[in-house]
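Work through the following exercises with the structure open beside you, and try each task before you read its solution.

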Amino acid sequence: MNRKTKMIIDKELTISTIDKRIYGSFIEHLGRAVYEGIYQPNHVTADKNGFRKDVIDLVKEINVPIIRYPGGNFVSNFYWEDSVGPISERPKRLEIAWRSIETNEVGLNEFSKWIKEVNSEIMMAVNLGTRGIQDACNLLEYCNHTSGSKYSDLRIKHGIEKPHNIKVWCLGNEMDGPWQIGHKTMNEYGRLANETANAMRQIDPNIELVVCGSSNSSMPTFPEWEATILDHAYDNVDYVSLHHYFGNFNDDSNDYLAQSDTMDDFIKTVVSTCNYIKAKKRSKKDINLSFDEWNVWFHSNSEDDNTMKNNPWQIAPRLLEDIYTFEDALLVGLLLITLIRNSDRVKMACMAQLVNVIAPIMTDAQGGVWKQTIFYPYMHASKYGRGVALKTITKGTKHKTNCRDEISDIESVSVYNEETEEVVVFAVNRNIEEDCELTIDIRSFSDYSLLEHIVMENDDLKATNSLLKENVFPVTKNERTTVDNGVVTSILHKASWNVIRFSKNSK
Ligand code: AHR
């Protein structure tokens, strides 16, 4: 075999304990994410709160630890007071970010019931587009203050006795983007974020605050934006956010699978910028990263432009319903590997989004639910990627791309879970022409043996799933991996996602 990669992993060589919140996701009041997505009271599986049980089951299968809410672009003109209290009294609003009608049938208190059903927690965003400090404080008081004040008593009047105790708060959304309602310059936003953070901390000192970084690494203001806003807000915030969507715009699959390197470069530059401001301020504290929007998003772009331009003001229109291919799942696997490899500084991340809108889970209003191709790498990473990320020493063959010269054939990361006594190697062979042999020196895990080698491969890079047929799904191929004297040899099929699990031999 011409294509070969050698790796060494060692129990003692660690990157970091992985914060499970890097397997987070996102539900925005957008398209069919909420209505006909998580909530559909007339559906056969609906529970007493109107939530679809079939969707809940799939969210639980992924085991999503944190979910960002309620936007996204939506949050920049969100009036949270409209979304609480008696449902019959809630106003319908023009939702101007996505040119739809928001009925407010589901709001904060309903969503928090749903979040409990899926065993997750909320990452809440405040409106710093059309509103500001006062509104952010009122919302925090409503959510987290016990009782005896205007907004905490209002929550109690709404039937929610105990505070929601939401820990993580995003200070607005994509404030660097000209498309954002209430878009700001970096100095305007930096000052506002700092003052808002300062005021919110007076109400609840235990919250964690995320300041908006750049909407992607091609923004003209990147990375000056990060340096400037952190110059204003460093002492009062805990994380800076990163957003990035990827797409095979030129239909060049070879180039497409190189895009995880773009994510890696983006992360490294933001880390450097945080460190630069830390040094400038002579600070002792690190700012960590919340990659709170990432995914593939491009299939539905022109259809969405058309809907919003020519058919606006619908309730729960079909928007951002990308149907994902097999190669999209490979890129999602590569992006997850990149996040885990940077888990020393990336402490939270949200696959955007979770249901119907650029999502791993799709619903049919009259029928059931189905899993997109990207469901599987996300579920595998969340399920098996808990524990400590290990540093991997890697040497291997490379191949040419148009966008980046040479890139590695194999991208991988290993995770050691001390509790379950398992070691997992996640690996993508992003060479779309040739299989590759992977050898891993795992001598420090000499008492471990192969549990399973899960593979996703397909001869058709453009294969998709649907309600009627699942064409892309994982299978177990243990014959592809052997372990001999602490050396693992695996065959990674061209263009494949691999999860190789090892467990400690029982005595
Ligand atoms: O996730 C879809 C949109 O992408 C979000 O609303 C926005 O924050 C980003 O531009």
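**Exercise 1.** How much area do domain 1 and domain 2 bury between them, and what share of it lies on carbon and sulfur atoms?

*Solution.* Keep in mind from the start that this is a predicted model. Begin by locating the two parts: the domain assignment gives domain 1 as 4-11 + 389-504, and domain 2 as 19-254 + 284-317 + 345-384. The contact between them takes 25 residues from domain 1 and 17 residues from domain 2. Together the two domains bury about 1,600 Å², with 61% of this area on carbon and sulfur atoms. As a last step, look at who contributes on the side of domain 1: Asn465, Leu467 and Trp497 supply 28% of the area that domain 1 buries against domain 2, which is more than any other three residues.

**Exercise 2.** Find which residues form a salt bridge, and describe the polar side of the interface between the domains.

*Solution.* First take the charged pair: Asp251 forms a salt bridge with Lys462, and their closest N and O atoms are 2.8 Å apart. This distance counts because the cut-off for such a pair is 4 Å. The count between domain 1 and domain 2 is one salt bridge. Next, turn to polar contacts, for which the rule finds six residue pairs across the interface of domain 1 and domain 2. The elements that give two or more residues to the side of domain 1 touching domain 2 are β16 (398-401), β19 (422-429), β21 (448-457) and β25 (496-504). Sorted by class, that side of domain 1 has 14 nonpolar, six polar and five charged residues.

**Exercise 3.** Asn104 and Asp251 have positive phi values; for each, decide whether the residue is buried or exposed.

*Solution.* Start with Asn104, whose phi is near 60° and which lies in the loop between β5 (100-102) and α2 (108-117). Its relative accessible area is 3%, and since buried means under 20%, the residue is classed as buried. Asp251, with phi near 45°, sits in the loop between β9 (239-246) and α7 (253-256). Here the relative accessible area is 54%, so Asp251 passes the limit of over 50% and is exposed.

**Exercise 4.** Where is the cis peptide bond that involves Pro70, and in which loop is this residue found?

*Solution.* Follow the backbone from Tyr69 to Pro70, where the peptide bond is cis with omega near 0°. Then place Pro70 in the loop between β3 (67-69) and β4 (93-95). A cis peptide bond also joins Gly71 and Gly72, with omega about 25°, and Gly72 likewise belongs to the loop between β3 and β4.

How values were computed. Residues are numbered from 1 along each chain as its sequence is written. This is a predicted model: local features need pLDDT of at least 70, side-chain atom pairs count only at pLDDT 80 or more; totals for chains, interfaces and linings use all residues. Side-chain values use heavy atoms; hydrogens and water are left out. Domain bounds come from an automatic or database domain assignment. Contact means heavy atoms within 4.5 Å. Buried area is the accessible area (1.4 Å probe) that two parts lose on being put together, summed over both. A salt bridge is a side-chain nitrogen of Lys or Arg within 4 Å of a carboxyl oxygen of Asp or Glu. A polar contact is a pair of N or O atoms within 3.5 Å; within protein, one must be able to donate a hydrogen and the other to accept it, and residues adjacent in sequence count only if both atoms are side-chain atoms. Helices (H or I, at least four residues) and strands (E, at least two) are DSSP runs, numbered from the N terminus. Ala, Val, Leu, Ile, Met, Phe, Trp, Tyr, Cys and Pro count as nonpolar, Asp, Glu, Lys and Arg as charged, and the others, Gly among them, as polar. Buried means under 20% relative accessible area, exposed over 50%, partly exposed in between (1.4 Å probe, protein chains only).
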